[in-house]
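User: I've got a few "how do you know" questions about this one. Can we go through them together?
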Amino acid sequence: MFVVATCGLIYELVAGTLASYLLGDSVTQFSTIIGVYLFSMGIGSYLSKFFNRNLIGWFIQIEILVGLIGGTSSSLLFLLFEQVESFRILLYLLVSLTGTLVGLEIPLLMRILQGRFEFKDLVSQVFTFDYIGALLASIIFPLLLVPNLGLIKTSFFFGILNVLVALIVAVKFEKETSWAKFLKISSLATLALLLTGFVFSERIMSFSESLAYRDTIIYAKSSPYQRIILTKNDRELRLFLNGNLQFSSADEYRYHEALVHPAMQGIKSPRKVLVLGGGDGLAVREILKYHSVVSITLVDLDEAMTKLFSTNSLLLDINKQSLLSPKVKVINADAFQWLKEQKELFDYIAVDFPDPSNYSVGKLYTNSLYKLLYRSLAPKGIIVVQATSPYVAPKSFWCVNTTMQSVGFFTVPYHTFVPSFGDWGYIMALKENSYQIPSAFLPNLRFINSETFRQMTIFPKDMMALEAEVNKLNNQVLVHYFEKEWASYLQ
Amino acid sequence: MIGPFSRRSFFRKSAAALAGLTLPGMLTECAPATKLTKVAGEIKGGAASLGHKLRGEHALFKQAPSQILNYEYVIVGGGVAGLSAARWLQKNNIDSCCLLELESHVGGNAASGKNEVSSYPWGAHYLPLPNLDQEELLKFLQETEVITGFNEQGLPFYNEYHLCFDPKERLYINGYWQDSLIPHFGVPEEDQQQIATFLKLMDTYRKLQGSDGKYAFTLPVENSSQDKEFLELDQVTMLDYLLSQQLDSPYLHWYVEYCCRDDYGTALKDTSAWAGIHYFAARRGVAANAETNTVLTWPEGNGWLVKQLHKLIQSKVCTGALVYTIATEGEAVHIDFLDVKSHTTKRIQAKKCIMASPQFVNQRLLPEIPLRDQNFYSMYSYSPWVVANLTLSKPMERKGSPLSWDNVIYQSPALGYVHARHQQLNSHAAQQEKLVLTYYWPLADKDPKIARREALQKGHDEWIQLIMDDLTKAHKNIAQVVEKVDIWLWGHGMVRPTPGFIWSETRKKASMPFDNKIYFAHSDLGGVSLFEEAFYQGIRAAKEALGSIAS
Ligand SMILES: Cc1cc2nc3c(=O)[nH]c(=O)nc-3n(C[C@H](O)[C@H](O)[C@H](O)COP(=O)(O)OP(=O)(O)OC[C@H]3O[C@@H](n4cnc5c(N)ncnc54)[C@H](O)[C@@H]3O)c2cc1C
């Protein structure tokens, strides 16, 4: 009885929590889930009057079903989150199904016990247990279950309890039920299934990445290199790579204008341009605003990215079809390897790699790579490197600066505010100490002008230059700085 | 593109961690012992090696050679020592020279292989930064652009692509991959204290010089101080030495034994304390752009260095040539060998012969000559090694630090594995791609003769089972991702510096030439199996040979 009651509430809590993980906005999610759940319980109770014979048998079957559906519900929801168009329908369907079944439980149970107790004792006992069970559930759920078991294991665990109840009843009341054997076998089978789920729940969890995104996923694809996800809401489109936000259409212009124009404006009629990373074509879009440019070489590892941004109409709107320009040559290759072999000189090089959050990417921020960049830069050319947040990760930011200087570059660090990211930093690098803040920028920009850029080169006290080691292939200090700084920021 | 951790992605990570938190270990660690379905691959070396197969060709060896060739110099053996000797002769404008190597490739214990995923070593895989007084070696590294220049203090700049990338080393201990090979994760304070004491002691030895002005421990071995107090260390085992210093921590003992097995293939109780300390104290290499303890490495390991040496002297190399007898006759030395391809025997009449083959081989090739008697040869013993190259369809699971160059499992009988693609530049996630791991296993537990015999009897399946059982400790799913395992059995992998060997009178005289005709150049002459020693021995022997011709 007690178990039955606890299980009932747990499924509801699981569904509510999941909904707020996956869909965001916990108050609405929780209250609509609870509403639907209670309403379905009402339906269940109503339906109970149509069950007239073999009550114990029905009860057992319902227990098995509750165990099965409730137990697998969270895994199903996690797994189907990306596959199913209208996830909400599935969510509420599962919630109402569980609710209805749970709603059937109590009336049936009371009727089964009818002959065995006096009515007032029966009502008092059943509801006492029901409410105590509910209390227990609501306490152990946030305090014990979620932190220790996680959602998926919690549901499996209670599914198992439900089915165990079914099994015990089936064994105890063997003589009073028809199809006792069938009931026993099916409860054993369900039990086995749930146990397997319990054991493999870590794997299930890793399949389902969905709880990272609060908006609707409109595109999801795994390339050999990364997981590409596009989400959309009324206001903006967002791109995530391996779960990390790459841009939001609402404010990416700030980021890309700051990446491109201070350098481009500082070069006398730039002709040849190289973009490393940046497969979204957004930097290229900015670069194409300069008519002196005759060629742009874009080197991005992932063909899936450059293809997506050359074909998807929503994205073509954002990057203004930049990758389709006849001036643009897209090369899908590893930037390090490519740079090592190429022999051309470029006037402007935009380096837009992912943050140095692991050793693989960390290589792209080493003095070895910067030496190759030095070799690839025209004498009066300029390079700009995106260099993580100087506010969150000042040591990392200044490490990129130091590393670039160590190979002979003169640098101009600057930073700007991009709402989706925070305060973001760039290092501009030149072969001569000759950079002057441009007196004018292109007229048709949305964000940057001479005055704005002047401000960007000012670093307030909490972002002042820090001593940092040179990042090398054989020490990867940047990855260590970066990990430490972001981890403590996110705590 | 930027990729800050978004709050959500961080949250997702913690949620995933939570989901996985339950009953840690209980469900995962009791996974059944790996039972493997057939894994592809083969055993090379050992019984499959040419040398082994040709043992039965005695009848052929008794007949007169079918062809007589003439060279001024012959080098027997194309390992690092032989190649280094050939390079030296070349530098001294010797044209009439032939290097005979029984295998189809040069390199010996520094051989390497390659498949569609990566190049990989079959044996030696790294070179620590050389000491500044190893001038010839530094020169060679300059010639090959491993050293790109020197700073004002005379410290070399090393080519960054050849310095081992970070992360370098990881140890799996107490269920977790920790940084560095020195045990610390979950290691009691007192043991850590002992480890620190020991390392400090070794650091003192590193700097120590004897009354003869030489370093107590250095490379080549020959250049080490001859002060009695140091040489006496050769009389005791490394185990006894540790105990005599009140160092009894099991963690420390494991670590030092790991080092002895790594450099010599010998257990703590079988290694001379002089050799054991040598591991820690003989390297003082410094660089303008790297730390002292850095190493040079390549996807194919020291196979890369072998290729550079080979390039220089390619035209002098004759592979598939099994030398079976050497004899002096008048002014000449006769080198008889089997040309494996044509299956005929040939003779070279030479003025000088440099034996760059190990002493256990020389025992069979050479006539009885002074000093080299039964007694002499019986001092040389060699540890058998197993090296396996595992091709994985994707990276295996691991807890803790990410895959690094050298990955060692605490208390494993083997030495763990090296990630062959570590030095590749491709920045993109090795995380999703195929890997090659080179697994090293010195068979140091038993007497080498017994271990060698047992090893020769094991089949491919048996080795794989043993290797998987070991690796499964640290990587639950390794059996599911392994595609292919090739195995190389080194019957005589490394000379064993057992107590009393290195500084015995016999060993000290081992490289003495015979009759101004036969010279010796193998790393085992120094008593330690190291690239630096092999490289040096080759040059020393070549110099001796050249010197005597001039006279
Ligand atoms: C598994 C393993 C790992 C190692 N790792 C390292 C390491 O990381 N770093 C390091 O410095 N050292 C390492 N070593 C030691 C390595 O042996 C030396 O560095 C070095 O390569 C030895 O060179 P060598 O020329 O002295 O000997 P060998 O490599 O033994 O060369 C002898 C050559 O002679 C040939 N030969 C033998 N008999 C005949 C014959 N009858 N006729 C013709 N040719 C013959 C052999 O085929 C061989 O090519 C390792 C050794 C092993 C076995």
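User: Which residues does A:Thr416 touch, not counting residues up to four places away in sequence?

Analyst: First, a caveat: this is a predicted model, where local features need pLDDT of at least 70, side-chain atom pairs count only at pLDDT 80 or more, and totals for chains, interfaces and linings use all residues. Side-chain values use heavy atoms, with hydrogens and water left out. As for A:Thr416, the residues in contact with it (heavy atoms within 4.5 Å) are A:Ala258, A:Gly422, A:Asp423, A:Trp424, A:Tyr426, A:Phe447 and A:Met456.

User: Why is A:Thr416 called buried?

Analyst: Its relative accessible area is 7%. Buried means under 20%, exposed over 50%, and partly exposed in between, using a 1.4 Å probe and protein chains only. So A:Thr416 counts as buried.

User: Where is A:Thr416 placed in chain A?

Analyst: In strand E10, residues 410-418; a strand here is a DSSP run (E) of at least two residues, numbered from the N terminus.

User: On to the ligand. What makes its pairing with the side chain of B:His522 a polar contact?

Analyst: A polar contact is a pair of N or O atoms within 3.5 Å. A ligand oxygen sits 2.7 Å from an N or O atom in that B:His522 side chain, so the pair qualifies. Ligand oxygens are also 2.8 Å from a polar backbone atom of B:Ala81 and 2.8 Å from one of B:Phe531.

User: How much of the ligand's accessible area does the protein cover?

Analyst: 94% of the 990 Å² that the ligand has on its own, by the Shrake-Rupley method with a 1.4 Å probe.

Conventions: Residues numbered from 1 in each chain as written. Chains lettered and ligands numbered in written order. Polar contact = N/O pair within 3.5 Å; in protein donor to acceptor, adjacent residues only side chain to side chain. Helix = DSSP H or I, 4+ residues; strand = E, 2+ residues; numbered from the N terminus.
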